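I opened a new notebook page for this one and looked things up one at a time. Here is the structure, followed by my entries.

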Amino acid sequence: MTEFTGPKGPIRDVTTGMTVVDAGGETVGTVDEVHMSDAGAATSAGQSPDEPGGPFAWAAQVFGTDSGLSEQAQERLARLGYIRVDASGLFAGHRYVEADQIATVTGSEVRLSVAADQLLR
């Protein structure tokens, strides 16, 4: 019997409203959504697009129909876990941070291990 131990890594400490800072110390924006990993997330392999609960229906529920992310990116984010950042300034719009791109979470700050321009949008 496998015991569930919950999310692993720094993503477990992330909450909405936290400030996100990239590896260079630049503020990217604020967290507006946290999605924990789902190893059983749907993939497009062997599923029909119109199948109930198939990849397109699933992706629309998780990311919305206008996210602009490829199907492969959506599947990867769902499997790994991610935070969605409401970015400001030069990086305005939503950015998606994979769970493994989070270096540390301290106080109300999420520090990334990558530059802001490496984030999915």
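**Entry: the main core.** I began with the largest nonpolar core of this predicted model, which has 18 residues. I looked for the members that touch the most other members, and found V14, V20, I83, I102, V110 and L112. Next I asked which elements give two or more residues to this core. They are β2 (27–35), β3 (82–87), β5 (102–106) and β6. The largest share, three residues, comes from β3.

**Entry: the other core.** I also found another core lying apart from the largest one. This other core has five residues, and I noted L69, A73, L77 and Y96 among them.

**Entry: L112 close up.** I picked L112 from the list above and looked up what it touches, leaving out residues up to four places away in sequence. My list for L112 reads V20, V21, D22, A23, V97, Q101, I102, A103 and L119. I was pleased to meet V20 and I102 again here, since I had already written both down as well-connected core members.

**Entry: helix α2.** I turned to helix α2, which covers residues 71–80. Which of its residues are buried? I wrote down A73, Q74, E75, L77 and A78. Two of these, A73 and L77, I already had as members of the five-residue core. A general reminder to myself: an α-helix has 3.6 residues a turn, so residues three or four places apart point the same way. Just after α2 comes G81, and its phi is positive, near 95°.

**Entry: salt bridges.** How many salt bridges does the structure hold? I found four. In one of them, R84 pairs with D32, and the closest N and O atoms are 3.0 Å apart. This pair links distant parts of the chain, with R84 in strand β3, D32 in strand β2 and their positions 52 residues apart. D32 counts as partly exposed, at 29% relative accessibility. R84 also meets E33 in a salt bridge, at 3.3 Å from N to O. E33 is in strand β2, and this pair too links distant parts of the chain, 51 residues apart.

A further salt bridge joins the side chains of E109 and R111, at 3.5 Å from N to O. R111 is partly exposed, with a relative accessible area of 30%. Coming back to the R84 pairs, I noted that salt bridges with shared partners join D32, E33 and R84 into one network.

**Entry: E109.** I stayed with E109, which lies in strand β6. Is E109 buried, partly exposed or exposed? Its relative accessible area is 29%, so I filed E109 as partly exposed. Leaving out residues up to four places away in sequence, E109 touches M18, T19, V21 and T104. I also checked E109 against T30: they are 79 residues apart in sequence, yet 9.1 Å apart in space, C-alpha to C-alpha.

**Entry: confidence.** Last, I looked at how far the predictor trusts the model. The protein averages a pLDDT of 79, and 68% of the residues score at least 70. Where is confidence lowest, and where is it highest? The lowest is helix α1 (residues 55–63), at a mean of 49, and the highest is strand β6 (residues 109–112), at 98. Over residues 46–51 pLDDT stays under 50, and the model has six contacts for them beyond four places in sequence. Residues 55–60 also stay under 50, with 17 such contacts.

Key. Residues numbered from 1 in each chain as written. Predicted model: local features only at pLDDT ≥ 70, side-chain atom pairs only at ≥ 80, totals over all residues. Heavy atoms only, no water. pLDDT = per-residue confidence, 0-100. Helix = DSSP H or I, 4+ residues; strand = E, 2+ residues; numbered from the N terminus. Contact = heavy atoms within 4.5 Å. Buried < 20%, exposed > 50% of the residue type's maximum accessible area, 1.4 Å probe, protein only. Core = buried A, V, L, I, M, F, W, Y, C linked by side-chain atoms within 4.5 Å.
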